[in-house]
Amino acid sequence: MKYAKNILETIGNTPLVKLNKVLGEDFPALVLAKVETFNPGNSVKDRMALKMIEDAEKDGRLKPGGTIIEGTSGNTGMGLALAAIIKGYKCIFVTNSKQSKEKCDILRAVGAEVIVCPTDVKPTDPRSYYSVSKRLAKETENGWYVNQYDNLSNRTAHYESTAPEIWEQTEGNLTHFVVGAGTGGTITGCGTFFKEKNPNIKVIGVDTYGSILKEFHETGELHYDHAYTYITEGIGEDIIPENYDMSVIDHFEKVTDKDGAIYARKLAKEEGIFCGYSAGSAIASLIQMKDQFTKDDVIVVLLHDHGSRYVGKIYNDEWMKEMGWLE
């Protein structure tokens with residue numbers, strides 16, 4: 001009989017799916033979507049959540065019966081929560097008010113305590129979700145602060161699992177890898193693997209207006225005051241996490257909040273692939289860069305998470321009308 005011993009054994013081995021309509025009939029290249037919603041927590045973050053926990057168990061940072069504490073936009077929390085259920089840990093997750101209600105509800109549904117912090121504060125502000133999660137880790141007995149931003153197990157997970165899967169599925173024929181950039185784990189882990197296999201593979205990060213990632217990549221200068229609030233969830237940063245190795249990234253493409261929302265909806269209606277906000281941003285980035293691709297290119301675009309996280313926002317017509325994005 002074939003069965004997984006527990007839900008964690010179902011992480012990974014997600015499919016590659018050809019995109020046929022959403023990019024338009026005249027899009028020059030073959031575009032294959034790595035649909036990470038097939039993970040048990042419905043996002044790519046399951047991979048690195050399990051890796052970070054396993055590495056912390058090995059070196060003693062996470063002890064039996066401990067409490068996992070993390071600042072999360074939702075998806076990493078879901079991956080951590082699933083692993084915590086199987087392994088016997090408690091979870092406290094700190095998020096910001098920008099995140100969808102669905103994400104918080106889902107985290108509570110799998111047994112986590114969720115604390116919501118204000119969005120419009122600097123990372124160093126004691127009210128920010130970065131600061132609150134760090135404080136709670138110090139105050140909680142037997143607590144472990146995951147810190148997905150600077151925890152290098154994050155990018156190692158993608159170097160060891162996500163990228164090798166894509167390499168095998170494309171038989172090494174991919175020419176471009178396009179992925180939303182946030183903590184830096186997916187883009188750096190995969191980018192490092194691909195550049196080792198073939199330095200000519202282009203690694204492209206999808207960024208959003210209000211984030212400082214693109215500017216830092218192009219100038220090497222940090223201007224925290226250039227960051228401003230944006231609506232897109234799951235990509236962009238107002239800090240530069242340690243998981244980044246900018247040398248393996250060839251380009252950052254910025255996408256507006258509006259275009260990310262519109263193309264997520266198009267992806268669902270035209271391809272039957274029901275994914276989150278960042279997936280729409282990734283599709284929009286490809287359309288913006290259309291003239292840079294040829295008929296010989298094989299593009300793999302990673303779709304991070306599931307559309308169910310956003311039914312109250314980008315998949316809600318009234319919300320879209322309030323934003324002025326739906327006629």
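Select helix 4 to begin: its buried residues pack against strand 3 (67-71), strand 4 (90-96), strand 5 (113-117) and strand 6 (143-145). Here, buried means under 20% relative accessible area, exposed means over 50%, and partly exposed lies in between, with a 1.4 Å probe and protein chains only. Helices (H or I, at least four residues) and strands (E, at least two) are DSSP runs, numbered from the N terminus. Helix 4 spans residues 129-139, and its buried residues are Tyr129, Tyr130, Ser131, Val132, Ser133, Leu136 and Ala137.

A word on what is on your screen. This is a predicted model, where local features need pLDDT of at least 70, side-chain atom pairs count only at pLDDT 80 or more, and totals for chains, interfaces and linings use all residues. Residues are numbered from 1 along each chain as its sequence is written, and side-chain values use heavy atoms, with hydrogens and water left out.

**Stop 1: helix 1 and helix 5**

Two packed helices are described by the angle between their axes and the distance between the axes. Select residues 45-59 for helix 1 and residues 153-169 for helix 5: they pack at about 130°, with axes 8 Å apart. The axes are lines fitted to C-alpha atoms, for helices over the stretch in contact, and angles run from 0 to 180 degrees between N-to-C directions. Helix 1 is therefore oblique to helix 5. Angles under 35 degrees count as roughly parallel, over 145 as roughly antiparallel, 65 to 115 as roughly perpendicular and the rest as oblique.

The crossing of these two, helix 1 and helix 5, is right-handed. A crossing is right-handed if the near helix is turned clockwise from the far one by less than a right angle, and left-handed if anticlockwise.

Now show the side chains. On helix 1, Arg47, Met48, Lys51, Met52 and Asp55 make the contact; on helix 5, the partners are Ser153, Asn154, Thr156, Ala157, His158, Glu160, Ser161, Thr162 and Glu165. Contact means heavy atoms within 4.5 Å. Sorted by class, the contact of helix 1 with helix 5 has 3 nonpolar, 6 polar and 5 charged residues. Ala, Val, Leu, Ile, Met, Phe, Trp, Tyr, Cys and Pro count as nonpolar, Asp, Glu, Lys and Arg as charged, and the others, Gly among them, as polar.

Which residues does Ala157 touch, not counting residues up to four places away in sequence? They are Arg47, Met48, Lys51 and Thr162. Ala157 belongs to helix 5 and is buried, with a relative accessible area of 4%. Try drawing a C-alpha to C-alpha line from Ala157 to Ala49: the two are 108 residues apart in sequence and 8.6 Å apart in space.

**Stop 2: helix 1 and helix 2**

Keep helix 1 and add residues 75-87, which form helix 2; the axes come within 8 Å and cross at roughly 50°. That angle makes helix 1 oblique to helix 2. Helix 1 passes helix 2 in a right-handed crossing. Among the residues making the contact are Met48, Ala49 and Met52 of helix 1 and Gly79, Leu80 and Ala83 of helix 2. The contact of helix 1 with helix 2 has 8 nonpolar, 3 polar and 5 charged residues.

**Stop 3: helix 8 and helix 9**

Next, select residues 257-271 (helix 8) and 277-288 (helix 9), whose axes come within 7 Å and cross at roughly 100°. Helix 8 is therefore roughly perpendicular to helix 9. The contact includes Tyr263, Ala264 and Leu267 of helix 8 and Ile283, Ala284 and Ile287 of helix 9. By class, the residues of the contact of helix 8 with helix 9 divide into 9 nonpolar, 4 polar and 2 charged.

**Stop 4: single residues**

Click on Thr188 in helix 6 (residues 185-197). Thr188 counts as buried, at 1% relative accessibility. Its contacts, not counting residues up to four places away in sequence, are Arg155, Asn243, Tyr244, Asp245 and Val248.

Now go to Asn13, in the segment before strand 1 (16-18). Asn13 has a positive phi of about 55° although it is not a glycine, and counts as exposed at 69% relative accessibility. Glu171 also has a positive phi of about 55° without being a glycine. Look for Glu171 in the loop between helix 5 and strand 7 (176-180), where it is exposed at 67% relative accessibility.

**Last stop: the cysteines**

How many disulfides does the structure hold? It holds 0. A disulfide is a pair of cysteine sulfur atoms within 2.5 Å. Select Cys104: the closest cysteine sulfur, in Cys117, is 10 Å from its own sulfur, too far for a bond. For Cys190, the closest cysteine sulfur is in Cys275, 16 Å away and too far for a bond. Cys104 is buried at 8% relative accessibility, and Cys190 is buried with a relative accessible area of 0%.
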